[in-house]
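Here is a short report for the bench. It covers charge pairs, helix packing, cysteines and backbone turns.

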Amino acid sequence: MAAPVNFSTDQEGATPIPDEFKALDLYWRAANYLSVGQIYLYGKNPLLRRPLEISDIKPRLLGHWGTVPGQNFIYCHLNRLIMNKGISCLYISGPGHGGNA
């Protein structure tokens, strides 16, 4: 059995992380950031150009953060497969409470 590939960037001799995966990670983080904004914040200060105030936060949340990172992870990787392999796919997910419902 082959030894696992070490993708760590802080160790000497580690395999560099491919640019495709770096971009995928950035996309995933951006999708999570947008999801948090949709769930918790009103739309008047989405880029946080000023400090948050109580009036920026929704009193009643629409959505559920618990499933969001996993769902965004699946969306990112499915998009990568669709683009790289040219496949057709339909992703059906849970009862609709992941992210902004």
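Arg-80 is partly exposed, because its relative accessible area is 23%. The classes used here are buried (under 20% relative accessible area), exposed (over 50%) and partly exposed (in between), computed with a 1.4 Å probe on protein chains only. This is a predicted model, in which local features need pLDDT of at least 70 and side-chain atom pairs count only at pLDDT 80 or more, while totals for chains, interfaces and linings use all residues. Residues are numbered from 1 along each chain as its sequence is written, and side-chain values use heavy atoms, with hydrogens and water left out.

**Charge pairs**

Side chains of opposite charge can pair when their charged atoms come close. Here a salt bridge is a side-chain nitrogen of Lys or Arg within 4 Å of a carboxyl oxygen of Asp or Glu. The count comes to four salt bridges. Three of the pairs are listed here, including their N to O distances.

| Pair | Closest N to O |
|---|---|
| Arg-80 and Glu-20 | 3.5 Å |
| Asp-25 and Arg-29 | 2.8 Å |
| Arg-50 and Asp-56 | 2.9 Å |

Arg-80 forms a salt bridge with Glu-20. Arg-80 lies in helix 2 and Glu-20 in helix 1, so this pair ties together parts that are 60 residues apart in sequence. Helices are DSSP runs (H or I, at least four residues), numbered from the N terminus. Glu-20 is partly exposed, at 37% relative accessibility.

The salt bridge between Asp-25 and Arg-29 sits within one helix. These two residues are four apart in helix 1, so about one helical turn separates them. Asp-25 counts as partly exposed at 30%. Arg-29 counts as exposed at 52%.

Is Asp-56 buried or exposed? Asp-56 is buried, because its relative accessibility is 1%. Its partner Arg-50 is partly exposed, at 30%. Together with Glu-53, Arg-50 and Asp-56 are linked in a network of salt bridges.

**Helix 2**

Helix 2 runs over residues 68-85. It has 18 residues, and at 1.5 Å a residue these should span 26 Å. The expected span is 1.5 Å times one less than the number of residues. The end C-alpha atoms are 25 Å apart, which agrees.

Which residues of helix 2 are buried? They are Val-68, Gln-71, Asn-72 and Cys-76. These residues cover an arc of only 140° around the axis, so they lie on the same side of helix 2. The arc is that of the directions from the helix axis to the C-beta atoms. Helix 1 is among what covers these buried residues, where contact means heavy atoms within 4.5 Å.

**Cysteines**

A disulfide is a covalent bond between the sulfur atoms of two cysteines. The test here is a pair of cysteine sulfur atoms within 2.5 Å. A search of the whole structure finds zero disulfides. Cys-76 is buried, at 2% relative accessibility. Cys-89 is partly exposed, at 39%.

**Backbone turns**

Most residues other than glycine have a negative phi. Leu-48 is not a glycine, yet has a positive phi of about 55°. Leu-48 lies in the loop between helix 1 (19-40) and helix 2 (68-85). Leu-48 counts as partly exposed, because its relative accessibility is 40%. Gly-86, just after helix 2, takes a positive phi of about 65°.
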